[in-house]
Amino acid sequence: MAGSRSWAGNTLVGAPGRNYRLSLDFWDIREGGINALGEWGYFPRQMQDAQWRFGYLGEAAAAMPVEHGTGFGLDSALPADAIVVCLPFRLWIGSGDAIWQTGWYGGNPVGAGVWQVQAGQSIAQAQQQLTNRIGRLDFLKDVTPEEMPVFQLQVGDSGNWELLVDIDRNGEIDIDVTSAMPGNRPSDYTGVTQAGGLWITTGAAGGIRAGRVGRSPMTLSYAETPRETVPAELRDRRPLEVAIPDSSIVSPVTVEGRRWNANYRVFQEASTLPETREVQYLDARKFISTVPLSAETAAQVSYTQDCIPQAVKEGAIAWQALDLSDPATAGLLLSLRVGETVLLTASGSGSLLQIEINGTVFTGVPGQLFTYTAGEGGTHTVTAWIDGEEIGSLEIAVVEVTLPERILCQIGKTVQAVVELGPGVDFDDFTFTAADPALLDVSVKTNRGSRVELNLRARQRGTPVLEVRRKADNSLVAAREIEEFILENSSQYSLKVNPVTRTGYVTLTFKPWVTNIVVSMYMFASQATFGGGLTEYIMTDVDFIPVWNPETEEYEAFGEFAIELPSWENYYCYNVTVLGIPSNYQGTIAELLGGEGDKAGGGHINANAEPCCTCECVGISISGPDEIGVNCSKEFTVRLNGDSRCNNNYSIVLSDDGTFSVVPQTVSLRPNRSTNVTVRGLSASTGTTNSVVKAMLTACNSSAEHRFTVVDVTFDMDDPHKVAISAGDNDRTQKRTATVKPPESVTNITLSASGRLSIGNISNSNGVIFFDMVGLNKSIEQGDAWVKASHPSGCEWKQDVSVIVPADIEKPEDLPGGVVEGVNYAINESTSPASFNTPTGQVELVTMYGHWMTLQVLDQFGDSIDDLYENAVVEEQLGGVWGSINQPVSATGTYLDPVGHPARAFGYFDENGIEALTWPDASPLMWSLAGMNRTITNLVDVPVRIDGFGLSPGLEGRSFVIYDDNHGVYLNPDSTIYVDILWP
């Protein structure tokens, strides 16, 4: 149905039962209209919102015939239940920022994820209920829509599904996302399979403005692929990029790479290194490492990213010698960093080779290799002679690049940074750039040879890095991460002023919080002042309050100051400068700002005062949640408060009381700094707030504590616990409990269950939660259902449950056989043995020759159903008719089954007539072999249902043999009858 003018028409349907790997390779969203010159044209939309959806419906595409251009897609009301992967995304034209839509935006519902959609609903309607999101796609935060991975959706039975992802598009699956993973679940719509064909819908999201038309070309690549078995150990192999050169002039050589993100460590091995070591990370993804080289043989090097399975890059690096007799060497633009080494040589006829550089002379024979290590900055000439005749020379620039220790940059603002290249260095030999141009703009403001002043502008949040590289080989010489932040100023546009005091208060907000800073403000172009009549004002770390933001997982900080306006003044104008204090800085704040004296004024900061580092100047506090769970870890915050002039480090020792552990147990803090420690619950508290974590300031013999409760929940179930499904008149609901310790915390616990279970009638008393539980859908794997107790802190206690159904019959080890005597029965549909076809109110009179067998019923995992299906109805299908054998399942999971063959009296009889009532005591009918000396009657593959659940395979292959002892044509009255049960 591709090619319609509507979005609903932009839909493809794969062949039924087949699977595909998909990728959206290109999209471009354009609008058409008339410009000011009256010309028609298309132009790209600045905000390109698009959506891509693919999935399976519970009905075959062939059953939904539509005409071209009038069909539906995965964006309209669906005619059948569905499991769909939704991938909405946005590209900002101009900024180059491409993002996935994973949360609420512009009135649209939550987008990215795996969703279940009920028949008759659209995906947008299904997304209004977050319970319909059955799969999270957390890996999207690490890849942009422009790096579109390859996806493969697989749907199995019972609502199970898997999404396979090839991130780097190399044909190998890197990530498995399944319905069994934490945070995901199977679909409730178990009828959805791959049999109906894969549906794919793409298109622009959002309408076109009036008077315009839209055009959105999209390129979708797909390749048919067989269904893949997901491994038991789910794959989490993120791509690893490493630029391993074949050769290098300098040693050690710097190797650059790119890991997936900060959660994945990378380790380096080299034949020239004594041991494995971790690389040096420049930002969340980029890293560098150094490899020493050998003049004798190439260095074998490998890089391993710690994922599942591990990502490995390997290579060999040869050390390339500088042959001074080669004319090409003289033309090299060679620069070394202090400490780097080169191999020097010269070839030619003769016996004595001499190489001189920076006062050092190497002597040997032509072709011999010499190592030279750069020891000082500047430009040095290296010259070679053979037998006293000069045969070549080269100039080498040795650089000592020095970057500022800290570079702070407010998003959207330009700051200056000075780079020192050292003496005798040519500025034109280097480039100054950003590791990621989308995060940082870099330009040269001034160039004074060895001293370069750069303009830096952070474009957006991320990890911007300034890089200095050699032009000759693009090798990295120096790098520095930029500390970028967003600074929000509540007075940027207006200020609420008290009409009496003529004072207003301004809040500065740092996102994220950047510590060890000085905020300098200067009032100009108005007669407003800061608090106390100051025209210059300074704030430092002590003036800000850090607050943890759980959504961004980082600290933000808020600081407040006053602005005073005379009665005749109606506006204010001031600038704000943020500077970072280097770690080894020893000067005053005034010197840092480049001025003279106390820049703060009014005694706000006395830069010349003696530091206060006594115990009277500091205090300690510790904070954390009020409750945590056993086996659950939470962050507690330790803070050292104190005088802003004190910079000493203080040792703080943390202790526990046995109900929890705390890591680390010792931290070191400076005043007005805080840090997080990890507290993990070990055993339940004996009462509310009975657990205490203490922080001791050892130098001052003072302490602080935080009281909280460690909560534990225990279910009264085996692991995994078995539960049955109610059927007919048999209610299989179990009454269960969960015990909460301490009992006072029971009101903070909520219960939930997976889609295979139903829980209800929940109540609690004295720390015990009472609830009913029953199965809804059978388990595919043992323990694949669960009931869960949740705490507001995010801690959970999960009990694995198996939903059991009758599935098979165990073949007895000892089969009955041998002599039987005939027993008379008046049988109909209510008796045992039973007759399924006897008219109502009548009976058949039979003499049964056979055995009663005790059969053990097994569940789908081959175990006894025990008492889970006690009193369940057992049915067999004979002659195409289903009927109960009137032998219910016992408390041990067994039932009695009459196996044999009847000798029937002629016709049917009234069940209350004299014939039927006297028949049990009458003489048994003789069994006639009808001229045969033995008869084999087969009961092969008898279908069986228990409580409506069909067994697989049921009574497969069971048969019996009936014979007499004299092998006569007709049985004599004194013949002995034998019945043997056969069950291979």
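## Exercises on a predicted, strand-rich chain

H380 lies in strand 32 (residues 378–386). Before we work on that, some ground rules. This is a predicted model, with local features needing pLDDT of at least 70 and side-chain atom pairs counting only at pLDDT 80 or more, while totals for chains, interfaces and linings use all residues. Residues are numbered from 1 along each chain as its sequence is written, and side-chain values use heavy atoms, with hydrogens and water left out.

**Exercise 1. Decide whether H380 is buried or exposed, and list what it touches.**

Step 1: get the cut-offs straight. Buried means under 20% relative accessible area, exposed over 50%, and partly exposed in between (1.4 Å probe, protein chains only).
Step 2: H380 has a relative accessible area of 8%, so it is buried.
Step 3: look for contacts (heavy atoms within 4.5 Å). Skipping neighbours within four places in sequence, H380 is in contact with I357, N358, L394, E395, I396 and V398.

**Exercise 2. Work out how many helices and strands the protein chain has, and what share of it is buried.**

Step 1: helices (H or I, at least four residues) and strands (E, at least two) are DSSP runs, numbered from the N terminus.
Step 2: by that count the protein chain has four helices and 76 strands.
Step 3: of its 984 residues, 46% count as buried.
Step 4: for the outside, the accessible surface of the protein chain comes to about 46400 Å², and 48% of that belongs to carbon and sulfur atoms. These areas come from the Shrake-Rupley method with a 1.4 Å probe; for residues, only the protein chains shown count as cover.
Step 5: take the contacts between residues at least 6 apart in sequence, and 65% of them join residues at least 24 apart.

**Exercise 3. Place strand 20 in its sheet and find its partners.**

Step 1: two strands pair if DSSP finds at least two bridges between them.
Step 2: five strands form an open sheet in the order 17-25-24-20-21, with mixed pairing. Its edge strands are strand 17 (247–248) and strand 21 (277–278), each pairing on one side only.
Step 3: strand 20 (residues 266–270) pairs with strand 24 (residues 299–305) in the antiparallel sense, over five bridges. Along that seam, V266 has Q305 as its bridge partner, and E269 stands opposite S302.
Step 4: strand 20 also runs antiparallel to strand 21, joined by two bridges. Here Q268 is partnered with R277, and the two strands form a hairpin with six residues between them.
Step 5: now the faces. In a regular strand the side chains alternate between the two faces of the sheet. Strand 20 has V266, Q268 and A270 on a covered face, and F267 and E269 on an uncovered one.

**Exercise 4. Stay in that sheet and describe the surroundings of A318.**

Step 1: A318 sits in strand 25 (residues 311–319).
Step 2: its relative accessibility is 31%, so A318 counts as partly exposed.
Step 3: beyond its neighbours within four places in sequence, A318 is in contact with D246, S247, S248, L293 and A298.
Step 4: take L293 from that list. A318 and L293 are 25 residues apart in sequence and 7.1 Å apart in space, C-alpha to C-alpha.

**Exercise 5. Explain why strand 39 is largely enclosed, and trace its partners.**

Step 1: six of the six residues of strand 39 (residues 465–470) are buried, so the rest of the structure largely encloses it.
Step 2: both faces are covered, with V465, E467 and R469 buried on one side and L466, V468 and R470 on the other.
Step 3: strand 36 (residues 430–434) pairs with strand 39 in the antiparallel sense over five bridges, and A434 has L466 as its bridge partner.
Step 4: five bridges also join strand 39 to strand 40 (residues 476–481), again antiparallel. There L466 stands opposite R480.
Step 5: strands 39 and 40 form a hairpin with five residues between them, and N474 in the turn has a positive phi of about 60 degrees.
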